[in-house]
Every structure is written in structure tokens, then in C-alpha cells.
Amino acid sequence: MNTKIWNRANALAAVAFAACSLISAGAIAQTVKLGVVLPYTGVGAEFGQQVDRGMQMFMKLNPAAFGPYKIEIIKRDSKNPSGAEAKVAVQELVAQEKVDLLTGFIYSPDAIASASLATEAKRPMVIMNAGTAWITTLSPMISRVSFSMWHAGHAMGEAAVKIVKAKTAVVGYTDFPPGKDSLDAFKRGFEANGGKVIDEIPMGGPGQVPDFTPFFQRAKDKKPDVFFVFVPAGDHAIGVMKTYGALGMRAAGIKLIGPGDITQDIKLQAMGDNAVGLITMHHYNADLANPVNKRLVEAWKKEYGPASTPDFMGVQGYDGMAAIAHVVTTLKGKIDPDAAINALRGWKYDSPRGPISIDPRTRDIVMNEYLSEIVKKDGRLYQKNIGVITAVKDMCKELGEGRCKQ
Amino acid sequence: MIAATELARRHRLRWWEALPWIASLACFFAFPNYLAFGTQVLITILFALSLDLVLGYAGIVTLGHAAFFGAGAYTVGMMAMHWGWNEPISGLIAAALVAGAIGLASGLVLLRTHGLALLMLTLCTMALLEQAANMGAAWTGGFDGMPGLSFSKILGLFGFDVLYYRSQYLYALAVLFACFAIVRTLVYSSFGQSLTGIRENLLRMHAVGAPVRVRQVLAYTVSAALAGVAGALFTQANGYVNLAVLSLERSAGVMIVLILGGYGRLYGAFVGAIAYMLLEHVLAKAYPTAWQLGLGITLIVVALFARNGVIGIFDSLRRRIERSAR
Amino acid sequence: MVLFIVSVGLSVTMGLMGFVNLAHGGFAMLGGYAIVLSMKHWGLPFPAALAFGFFAVAAVSVVLERLLYAPLYRATELDQVLLTIGLVFTMIATLTLSVGPETQTVELPEWLRGQTDLGFIEYRTYSLALIVAGTALMIALWFGFERTRIGARIRAAVDNRRMAQSMGVDVGRLFTLTFALGSGLAAIGGGLGAEILGLDPQYPFRYLAYFLIVVAVGGLGRISGVFFAAILIGVLDFVLKIYFPKGGTLFIYALTLILLLARPHGLFGKKGTS
């Protein structure tokens with residue numbers, strides 16, 4: 001009876017495989033194939049959708065960006081962030097679909113696990129989110145258009161002393177690498193400028209949203225000037241805001257600050273009035289006043305409904321496509337891996353987040369960090385810019401911290 | 001009496017038992033670009049097989065089997081990362097020993113309970129390990145995992161193939177074959193028979209004076225060691241390990257695979273892993289955002305209309321054919 | 001307290017009906033969505049939305065129970081696991097496709113926001129409301145099961161199905177009702193808990209372990225047991241997190257481990273219920 005099962009399994013496989021090879025046989029030689037690895041299901045599905053939309057908006061608003069060259073996009077689901085799923089997806093994109101370039105990668109483990117494949121297969125990999133600082137050191141084929149936790153964390157530490165005028169801080173963070181990165185970065189920036197971190201509170205893992213009340217109660221009891229919080233963008237951030245409001249910490253004179261992950265635009269309106277007065281540092285928010293951004297936001301709302309908005313992940317998808325378009329046109333549609341990475345080094349672009357460039361040395365992004373305060377305007381929450389630090393590099397690699405040492 | 005002849009009949013090696021192995025080898029040549037996926041399937045088969053030993057044969061329902069998978073995976077990963085010990089086969093043995101030791105220790109304590117309590121206890125044991133691995137992030141790499149692990153050549157001959165997974169596939173297949181041989185022998189030995197006895201009628205086994213607890217713990221330990229080997233293979237094949245190896249998702253996933261295939265049947269693990277993963281893979285490729293719908297419906301249909309999984313469908317088919325032939 | 005409200009429904013279906021229902025969190029999620037969306041689109045006030053969620057999910061669960069669960073009442077636990085996991089996958093995919101993967105948020109009415117001064121301690125108003133609601137629910141359920149005719153029938157049907165049937169109890173219909181009640185309770189839990197636990201398509205898997213732990217510690221089918229277990233776990237978790245945040249969720253699991261080893265039938269379980 002097992003014969004039957006095997007035959008059936010093989011028949012199924014054969015049909016599936018035949019279907020795939022038909023698709024690849026249909027492609028024309030001049031087309032550039034782009035493999036996109038994003039979480040379309042599971043915990044990151046919402047972020048996958050946001051980046052995917054950002055990529056589509058770039059194509060829509062810049063129809064001429066790829067010149068005469070055609071681009072074929074092949075999407076794969078990286079499912080949950082185990083690394084292995086993404087790695088298999090990348091392996092198949094390379095081995096079966098023969099893609100020229102790889103992009104996507106929301107979660108750091110996915111990018112980290114796939115790095116060795118990018119090196120081995122020599123496929124340039126444009127990272128659209130994964131924020132663990134040392135990822136770019138894993139492979140010469142990796143370039144990042146998103147951010148590292150150090151960008152906002154370090155800048156916030158500096159601004160907390162200079163602009164917010166804080167002397168003491170408590171740090172609460174979700175207990176996984178981006179959280180710890182954020183803690184380290186903030187601490188470096190804050191204490192280098194004369195501040196003092198008086199307590200560090202790990203607040204559960206990224207897998208589930210905890211009840212934040214006990215952690216916030218502890219922070220409140222320490223009476224710091226500011227409470228710096230890092231949690232993953234998404235549900236965690238809403239929980240943070242609600243707990244902050246419910247515990248009356250503002251009335252107790254404790255300002256809530258953090259990287260812009262906690263004020264992700266798609267979650268902002270849901271946070272309610274509790275968020276007013278919150279100060280964050282980030283490389284993008286949908287209320288930035290530059291013309292490129294205004295055009296994007298307007299087109300986005302037209303496409304996906306007035307309640308939707310691009311956020312930093314969407315813009316990273318947008319800029320990632322811009323980077324890929326730059327590579328494709330520079331190399332005239334023929335992707336040589338080393339030439340592609342060299343084309344990205346020093347690339348400059350006028351993004352919705354202002355001027356950005358790729359650091360020729362680290363292949364990581366250089367961009368502005370905006371300090372903004374949440375205010376209420378016309379019945380909605382609005383991010384008012386109160387300061388900017390220009391051309392910020394990934395401070396982890398600049399300072400040579402831990403694994404960032406090259 | 002009927003049961004005894006049935007068992008004796010099953011015990012014989014039959015010609016079709018060679019087919020899965022021939023087919024796996026054939027896949028190696030037929031689909032050279034699909035071996036990364038194939039390797040994951042082989043690892044899942046091994047993992048499901050280890051679960052079958054406790055769930056299908058000893059009747060121990062556990063939701064924490066990923067604990068042993070993870071223990072094996074981290075053993076190999078940490079040995080390579082911190083001590084530079086990257087010889088693969090000794091790594092497998094070390095993983096089996098560590099996972100087996102954890103299985104023995106936890107089995108001695110936990111197997112006094114059964115039912116929901118046992119389910120939750122196994123789950124908690126796994127969750128404790130996961131938390132420990134997260135807290136010891138300096139050692140384990142935590143959520144971000146251990147990047148760029150590399151292992152030396154298998155038997156000093158075959159290097160790991162990062163891009164096409166050729167050597168990993170054959171390596172996993174060979175390990176699976178060896179482990180399968182162990183499980184098969186075990187299941188058809190008197191030890192295996194007494195396990196089935198425990199599952200079918202606990203009171204009677206007590207009455208005939210069989211050392212029930214000892215046998216259960218032993219089965220649990222062997223199963224844990226095998227799961228550890230599967231985990232070690234996972235780390236070696238992917239050159240990467242992170243906290244996801246210790247998740248409830250992995251525990252529950254392998255249980256679903258086994259139930260889908262048919263438990264207590266040795267080949268249920270094969271059928272289940274192949275059916276589940278192929279379905280998921282093909283659907284996810286075609287509909288990256290909607291594949292869970294198709295998978296969910298399939299599971300519901302199998303649960304409603306098949307007793308004991310896909311292999312059960314073939315069983316009842318065979319019986320029907322035999323009856324009509326008579 | 002949220003844990004209690006969701007888990008009590010699970011205790012009802014799993015403990016009383018003896019069905020391994022891993023899709024319970026799925027019903028909680030459906031309820032949460034029904035509640036949140038009805039508030040958003042039809043402008044229902046919060047309490048009315050809760051009632052709507054309860055009945056909507058109870059109705060859906062009746063259909064599912066007749067179609068899917070009933071044929072498997074006598075099947076093995078493992079087949080039940082397969083069915084309910086399949087159901088969860090289907091629910092997740094359906095919601096992702098129809099509503100979208102994003103998180104849904106509850107707009108609480110004004111009187112449930114902020115802090116309340118209890119004289120000796122300031123406490124989050126919403127948490128207080130939950131405690132009141134949970135206690136009321138617990139009393140109502142206890143009364144329903146222990147002191148009414150239907151409750152007695154359900155207990156009889158669980159203890160000895162055949163006997164109950166021969167005494168003229170329509171066990172099938174009784175089970176359908178019980179299941180609807182359990183799922184409806186899950187729905188209310190999902191709606192009330194959305195403020196604290198969040199609500200998105202991953203909900204059923206994310207909190208599955210927690211729900212199961214509470215039920216296991218409380219003892220299957222023991223409503224008061226689940227109540228006290230939820231409080232015990234909730235309070236200990238809270239206190240330990242304030243003083244030893246490094247430990248994270250380690251405590252909850254360690255605690256359950258110890259409790260279950262000492263009392264395999266749960267804190268308040270009868271011998272032989274599991």
C-alpha cells in the first residue's frame with residue numbers, strides 16, 4: 001500500500017514541479033528576476049503586506065524607473081521567523097527560479113540564516129527591514145536600505161539629553177536582540193552626553209503581547225525623567241501606550257520616549273489620546289512634510305483606502321525597489337553580482353524619508369533621524385517634527401561594538 | 001490470537017518496504033533543485049518517527065517533543081560555535097546523548113502523570129527550555145540565533161553543500177535509514193510489544209507484572225534521543241539555529257504530521273510528513289497569503305473521514321479489496 | 001481575569017464534554033472580531049457588542065458542532081486534535097483574507113478608561129471592571145451548573161452518557177447547547193481581552209498555551225477551579241514580573257510544572273476527572 005502513497009506523492013510533486021518549470025521557461029532573457037522573501041502569513045503578515053505595498057507603490061509612482069528593462073517579481077512566504085523557512089525559500093528562488101537579486105526580509109533571523117546562501121550563490125540581497133545591526137557584516141552580498149536599531153537608539157540617547165533635557169532614564173525593552181540593541185544604543189548615546197540609566201527592565205519576549213502593567217509599575221516607582229521603551233512595532237506598541245495612559249505616568253512627570261517603532265503610523269490612530277506628548281526618534285513618519293512623501297501618502301490612500309497609511313516599513317519597501325531599479329538601470333539589465341553591490345555603494349536617493357544614501361564602506365544606510373512629538377490636530381494624532389539629526393550612520397559599526405566589529 | 005498473527009504478519013520485511021528508500025534516492029536524481037526542501041522533509045520524518053515511538057506505541061501524548069529536537073539542535077550548534085567542534089557524526093551522537101539524558105530525567109519525573117496534566121507538563125518543560133535559551137542569549141544567540149555555523153566534511157569525504165543541499169540530503173537520508181532500522185527493530189521486539197500492551201490495556205500490564213513505568217521511561221528516552229538527532233541534523237543542514245526549534249509550533253506541527261499520516265504505524269511518519277509538507281509547500285508557493293485555508297480544510301476533511309490518518313485510508317481500502325477478493 | 005473568562009469556556013467544552021478543543025482560542029478570536037467590528041461599523045455600544053459577539057459566535061459554533069464536532073465525539077483525542085487544529089488554520093486564513101492581517105483595536109467607552117482610586121491603591125479602571133465581570137460570570141456559571149436542572153442534566157450526561165440517554169435526556173441537543181455556551185463565553189473573553197491581549201489573526205495560537213495551562217491547573221470541568229487558578233497564575237505572574245523582570249515568562253511555566261506534579265488533577269480537580 002505504500003507504493004500507492006509514494007506514487008501519489010510523486011505524481012503530486014511532478015505536477016507541481018512541471019508547473020514551476022513552465023513558468024521559468026516562459027521568462028525572456030532580458031528580464032531581471034527579483035526574488036522577494038516576506039512573511040505573508042503568521043505573526044509578521046501585517047508587515048509583509050506593508051512592505052509589499054511599498055514596493056508596489058514605487059512601481060506605480062515611478063513607472064519609468066526600470067527604463068527599458070523588465071522586472072519579474074517572484075514572491076515567497078517566509079512564514080514564521082525560524083530562519084529555516086526563509087532559507088529554503090531563498091534556496092529555491094536561487095536554484096529553481098534562477099533569480100538575479102534577492103530582497104524582502106522582515107525578521108532578522110530570516111536574513112541571518114540566508115546570508116550564507118547569498119554569499120555562496122553570489123546573489124545581491126537588499127534588506128528591506130531586518131534591523132539587527134551586524135547583519136550587513138555577514139556577507140559581502142548584503143546591502144540594507146532599512147535601518148539598524150542603533151540609528152534611532154543612539155540618536156534618541158543624544159536628543160534625550162540635549163533636547164528633552166532629561167538626566168535620568170529607565171529603559172524597558174522586549175527581550176530579544178533588537179530590544180537589547182536598542183537598549184545598548186540608547187545607553188551609549190544617553191550616557192555619553194551626561195545622562196544616567198537607572199534601571200533596565202526586560203519586558204517578555206516578542207512572541208506574545210504581555211500585560212505591561214507590572215513592568216510599567218516598576219518603572220514608575222523608580223521616578224526617572226524619561227522612560228525609554230523599545231517593543232516590536234505592532235500590537236506590543238499599542239499595549240505600551242494603553243498601559244502608559246492607564247497608569248497615569250504622564251501625570252507623575254515621566255515622559256515616554258522611544259524609537260519610532262512604537263509609533264508606527266499604521267498603529268498610531270489606534271493608540272488614542274494616551275499617545276499625545278510621546279516623543280520618538282525615527283527615520284520616517286507619514287507626516288513628514290517633504291514633497292516626495294506627500295505624493296506617496298496621497299497615492300497610497302487613494303490605492304488602499306483613506307484609513308490606510310504608509311509607515312516606515314512601507315517606505316523601506318519603496319526605497320528598496322528604488323535601489324533595485326538603480327542597480328538594474330546602471331548594469332543595463334545584466335546583473336553581475338559584484339557590479340551590483342558596487343553600484344549600490346554610495347548610491348544617493350531622494351526618498352520619502354528625505355535624502356538617503358548607502359555607506360560605501362558598510363553597505364548600510366545613511367539617513368536623517370527625525371525627533372517628533374505626538375500632538376492632536378484636526379481630531380487625529382499627528383507627528384510634529386521637533387528636531388532632526390542629519391546623515392546618521394549605523395553607530396554600532398562606527399563604534400565597533402560587539403559583533404559589529406569588522 | 002488474531003492480533004498475534006497480525007503482528008507476526010506485520011513483522012516480516014516485505015518487498016514494498018524498500019520502495020520509500022528507492023523513491024527517496026530517485027528524488028535525489030529527479031529533482032536536484034528541490035533538495036533543500038527535501039532535506040527538511042527527511043528531518044521532519046525522523047522527528048515524527050521519534051514521536052511515533054512514544055505517541056503511537058507507548059501511548060504517551062506529549063506537546064513538548066520539540067524540547068528534545070531543540071536540545072539536539074543547540075548541542076550541535078553550541079559545540080560548533082564555542083568549542084569549534086564541527087565534526088558532524090560525533091555531533092549527532094552528542095546530540096542524541098544530551099537529548100536522551102534530558103528525556104530520561106524529565107521522563108522519570110513526568111511520566112507519573114497522564115492525560116491533560118502530562119500534556120501540559122511536557123509543554124511546560126519545553127517552554128522552560130525555550131526561556132532558558134532566550135535568557136542565555138550570550139551562549140545560544142537567542143532569537144537571532146547562531147549565524148554562519150559550518151561543519152566539517154561528513155566522514156571526511158563530503159562537504160556540506162550550502163547552495164544545493166546535495167550532501168545534506170543524502171546524509172539526512174542515511175541517518176534516517178539508520179534510525180528507522182533501530183525503531184523498527186525496537187517496535188517488533190518484545191519490548192515494543194509490551195509498549196503496545198501498555199497503550200492498549202494499562203491495567204492488564206500491571207496485572208501481569210510488567211515494569212510499566214520503566215518501559216515507558218525507556219521508550220521516552222530513546223524517542224528523545226532520536227528527536228535530538230533530528231534536531232542536530234536540522235542545525236547541520238541549515239548551518240543555523242534559533243529559538244524557533246523550541247517552539248510550541250514545532251511540537252504541535254510534528255504531532256499534526258504524525259496524526260495526519262497515521263500513528264503507531266512506522267510509515268505514518270513518512271506519509272504524514274510528505275503529505276503535509278508537500279501540500280503546504282505547493283500551496284504556499286501558489287498562494288503566499290492564503291495557503292493556510294487549503295491546509296486547514298484538508299486537515300478537517302482527513303479528521304472527519306479517515307480513521308488514523310492517510311495511512312488509515314489505505315488500510316480500509318486494502319481491507320475492502322481483500323474482502324471482495326475472497 | 002481575562003484568562004479566566006476565556007478559559008472557563010474551554011473548561012466547559014473540554015472538561016464537560018470531554019472533547020480536546022484546540023480551536024477554542026479561535027472562537028475567542030471570532031468573538032473578538034465580531035465585537036470590535038460591530039462597534040466600528042454599526043456603532044454598537046460596548047455592552048451591546050459583547051452580547052452580539054456572544055450570540056453570533058454561539059450560533060456559528062452550533063453549526064460547526066453539528067457538522068464537525070459531533071461525528072468525532074467518540075473518536076480518539078488525536079483525531080480531535082487534528083480536526084480542531086485544521087479548524088484554527090481555516091479561521092486564521094479566513095480572517096486574514098476577509099478582514100486583513102492587521103491588529104484590531106477596541107474603543108473603550110469613557111467610563112472604562114484611566115485609573116480609579118480605591119482609597120488605598122490606584123488601579124486601572126478596566127482591570128477592575130474585568131474583575132467584577134469575571135466574578136459575576138463565575139457565580140452565574142456555578143449557580144447554573146450546580147443548582148439548576150439543565151446543569152444537573154449536563155453533568156449527568158458527562159458522567160454516564162448512556163444512562164442519561166435512557167433517562168430521556170437528549171444528550172445530542174444538550175451537548176450542542178453546552179458547546180454554544182462554551183464558545184460564547186470564549187467570544188466574550190476575546191472581546192473583553194482585546195484591550196490587553198490584542199487581537200489579530202494569530203490570536204488562537206499565541207495564547208493557546210496559556211488557556212490550556214489555566215484549565216489544567218484549575219482542573220477539568222471545575223469552574224471554580226479555573227477561576228482560582230486564573231487568579232493565582234495572574235497574580236503570581238504580576239508580582240514576579242515586578243520584582244524579577246529578568247525571569248520573564250519562566251515563572252509561569254515553572255509554577256505550572258510544580259503545581260501539576262504535586263496535583264496532577266489540578267488544584268481543585270476531583271480524582272478521575274482527567
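Helices and strands here are DSSP runs, numbered from the N terminus. With that in hand, you can place Lys98(A): this residue sits in the loop between H3 and strand E3 (101-104) of chain A. Keep in mind as you look around that this is a predicted model.

Let's stay with Lys98(A) for a moment. Its phi is near 55 degrees, a positive value in a residue other than glycine. Most residues other than glycine have a negative phi. Is Lys98(A) buried, exposed or partly exposed? A residue counts as buried with 20 or more other C-beta atoms within 10 Å, and as exposed with 12 or fewer. Lys98(A) has 14 C-beta neighbours inside 10 Å, so it counts as partly exposed.

Further along chain A there is another residue of this kind. Arg363(A) has a phi near 60 degrees, again a positive value in a residue other than glycine. You will find Arg363(A) in the loop between strand E12 (354-358) and strand E13 (365-377) of chain A. Arg363(A) counts as buried, because 22 C-beta neighbours lie inside 10 Å.

Now step back to chain A as a whole. The domain assignment splits chain A into domain 1 (27-147 + 297-363) and domain 2 (149-282 + 367-404). Between the C-alpha centres of these two domains of chain A the distance is 27 Å. Where they meet, 18 residues of domain 1 of chain A are in contact with 21 residues of domain 2 of chain A. On the domain 1 side, the elements that give two or more residues are helix H2 (45-61) and E12 of chain A. That side of domain 1 of chain A consists of six nonpolar, eight polar and four charged residues.

How confident is the predictor about chain A? The average pLDDT of chain A is 85, and 92% of the residues score at least 70. Among the elements of chain A, strand E4 (residues 125-127) has the highest mean pLDDT, 94, while H1(A) has the lowest, 44. Over residues 1-29 of chain A the pLDDT is below 50, although this stretch has 26 contacts in the model beyond near neighbours in sequence. Where pLDDT is low, the predicted coordinates should not be read in detail.

That caution is worth carrying over to the contact between chains A and B. Chain A puts 45 residues into this contact, and chain B puts in 37 residues. On the side of chain A that touches chain B, two or more residues each come from helix H1 (2-25), strand E2 (71-77), helix H3 (84-95) and helix H4 (108-121) of chain A. The largest share of that side, 11 residues, comes from H1(A). By class, the side of chain A that touches chain B has 24 nonpolar, 13 polar and eight charged residues.

Inside chain B, look for a pair of packed helices. Helix H3 (residues 35-57) and helix H11 (residues 212-238) of chain B pack at an angle of about 170 degrees, with their axes 9 Å apart. H3(B) is therefore roughly antiparallel to H11(B). Among the residues that make the contact are Leu46(B) and Phe47(B) of H3(B), together with Leu226(B) and Phe234(B) of H11(B). The contact of H3(B) with H11(B) has 18 nonpolar, three polar and no charged residues.

Finally, turn to chain C. Ala75(C) lies in the loop between helix H3 (46-69) and helix H4 (77-98) of chain C. Ala75(C) is partly exposed, because 16 other C-beta atoms lie within 10 Å. From Ala75(C) to Met138(C) there are 63 residues in sequence and 31 Å in space, C-alpha to C-alpha.

Definitions and conventions
Residues are numbered from 1 along each chain as its sequence is written. Chains are lettered from A and ligands numbered from 1 in the order in which they are written. This is a predicted model: local features need pLDDT of at least 70, side-chain atom pairs count only at pLDDT 80 or more; totals for chains, interfaces and linings use all residues. Two residues are in contact if their C-beta atoms, placed from the backbone, lie within 7 Å. Helices (H or I, at least four residues) and strands (E, at least two) are DSSP runs, numbered from the N terminus. Ala, Val, Leu, Ile, Met, Phe, Trp, Tyr, Cys and Pro count as nonpolar, Asp, Glu, Lys and Arg as charged, and the others, Gly among them, as polar. Axes are lines fitted to C-alpha atoms, for helices over the stretch in contact, and angles run from 0 to 180 degrees between N-to-C directions. Angles under 35 degrees count as roughly parallel, over 145 as roughly antiparallel, 65 to 115 as roughly perpendicular and the rest as oblique. pLDDT is the predictor's confidence in each residue, from 0 to 100. Domain bounds come from an automatic or database domain assignment.
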